[in-house]
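Trainee: I should like to understand the terms used for this structure. May I put some questions to you?
Mentor: Please do; the structure is shown below.

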Amino acid sequence: MSSDASSAPPNAPDASIFQRLHPKAYLERFLAAGFRADGRRTDDWRELSVNTGSINTAEGSALVRLGDTTVVCGVKAEIAEPELDKPNEGFLVPNLDLPAICSPKFKPGAPAEEAQVLSNRLYDLLTSCDVLPLDSLCIHPGKAVWSIYVDAVCINYDGNVFDATAAAVVAALASARLPKATYNEETNRTICSRTETTSLELKRRPLCMSFGIFDSLHLLVDPSSFEEPLIESTMTIAVDESGDVCSLQQEGMLRIGDKTTESIMQECFLAAKKRRKELEPFIDNLR
Amino acid sequence: MQSSIDRRRITGPEESFAPVFAQDEQNDEQQPKARVGRTPRDIRPIFLQTGLITQANGSAYIETERTKIACAVYGPRQLKNAPYSDKGKLNVEVKFAPFSCRTRRVPNRDAEDRSIANLVHQALLPAVRLELLPKSSLDVFVTVLEADGLAGCVAAASIAASAALAHAGVEMFGLVTSCAATVVENEVWMDPDETEQERGRGTLVLACMPALGTVTSAWQAGQMSVAESLQCMKECQERCTDVHFVVAKALTDSRPAT
């Protein structure tokens, strides 16, 4: 490795050194020519691929790649006793792990701030728009309910992890098969069938679309890991299959040139809806 | 029982149990004697690809039927908060995804991850030329996405880790390959999956550098006679030579790491 680095003369103009030392100027020069550092236009999304059911130990699973960002999500179903005040409601437990394997910026150990924040946002997304009604997870009121653990693991962190995670979670839930469970009141046990399975009743299938504003001038859709630290404002819009907005998260100053806030919002909503339509074949037919 | 609440993750109910299946209680005792699907000496086909984790200096993804493991190498990077050392430090961390086993693995609950990390570390250590990397650390991260047999998992993780190190351009004496074997009744079965390993009396995982003909680590657990143990080692070594071709092919096919 060391021999590679020393082969170039020390003062040679090298784009990758310029990129590391002056990332902002580097991106500015690209945008001045109408492109981004990875060759995309500002309104180009990266390619999405969804592969479901590849993990046999999970009740449902999905591998999602958004460009190089890779997220694997697995659904495990366990049986628990419901809470006393909610005898008919099961549990939905989503978590996103950003392990040290996915990026040099994460250290091994307990989940860091970013993973905790994103896990919480994921939980909010799933509960606030009622993706999986909790009363559909009831096996026997007051005695047994399903507890659905949705664990997403990021394998490669190349920006916009939340969009990829939301897609992986929805795809894994949509493709999950639970064994048919019956509660026996005499023995006080829940027995499952190996042969009969049911799928989860997903009410809505929200997908997230993220935008970043760079330099108060450019609206970048689907920011990459290089662009993310340079962005001063982000917006994530979740849109379901019928085109309704489920959730919106915006951070930082919303300003692009002399456009009004409303017109920027409008632009993002339209772009998000258009993208949601394009993603239809990946998500909406999953059973 | 949970001793304290994990505030860094979203936690579900206090207690939950894996489903109990109706047929489980009556079935067993009808397992066929001979191995199903492959001969005792066959190992599962290996799919190995390097370079899938673009953020890392080197990476490898390995799949042997149901076992699926991703591995990334970061480094050599500066060793922080540590006294001067003229040799590099090799760190190995193994993580099981919560959905990777039959019952859900609650994060941070057991020490199995660390013991497997130790085995992979042992397998790699003699191969890596750490004396060329003073004051630096090499971090090898392994994520198990699906496990089918612990011994096979250790072997696959070692292969992936060595491929990822080579992909990262780390100098090594040779590629490390690894293979597992179990003794079922009086027969040696290579590369056992989970059910086969449960039937076996003892297992052996051997890691070696086929190019140099040296063994880097051997781990045996359970009951085996000395003769059986030696036979396992011999067969493992033969299979490791086969695996070496697979790893070498994957590395020559890959795009170079950046």
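Trainee: How many residues does the contact take from chain B and from chain A?
Mentor: In this predicted model, the contact takes 48 residues from chain B and 53 residues from chain A. A residue belongs to the contact because its heavy atoms lie within 4.5 Å of the other side.

Trainee: What area do chain B and chain A bury between them?
Mentor: About 4,200 Å² is buried between chain B and chain A, and 58% of that is on carbon and sulfur atoms. On the side of chain B, I10(B), F99(B) and R104(B) supply 20% of the area buried against chain A, more than any other three residues.

Trainee: Why is the meeting of K95(B) and D97(A) called a salt bridge?
Mentor: The cut-off from a Lys nitrogen to an Asp carboxyl oxygen is 4 Å. The side chains of K95(B) and D97(A) meet at 3.1 Å, N to O, so the pair satisfies the rule. Across the interface of chain B and chain A, the rule finds two salt bridges.

Trainee: How many residue pairs are in polar contact across the interface of chain B and chain A?
Mentor: The rule finds 20 such pairs, with both residues at pLDDT 80 or more. Among the elements of chain B, β4(B) gives the most to the side that touches chain A, with seven residues. The residues of that side divide into 23 nonpolar, 11 polar and 14 charged.

How values were computed:
Residues are numbered from 1 along each chain as its sequence is written. Chains are lettered from A and ligands numbered from 1 in the order in which they are written. This is a predicted model: local features need pLDDT of at least 70, side-chain atom pairs count only at pLDDT 80 or more; totals for chains, interfaces and linings use all residues. Side-chain values use heavy atoms; hydrogens and water are left out. Buried area is the accessible area (1.4 Å probe) that two parts lose on being put together, summed over both. A polar contact is a pair of N or O atoms within 3.5 Å; within protein, one must be able to donate a hydrogen and the other to accept it, and residues adjacent in sequence count only if both atoms are side-chain atoms. Helices (H or I, at least four residues) and strands (E, at least two) are DSSP runs, numbered from the N terminus. Ala, Val, Leu, Ile, Met, Phe, Trp, Tyr, Cys and Pro count as nonpolar, Asp, Glu, Lys and Arg as charged, and the others, Gly among them, as polar.
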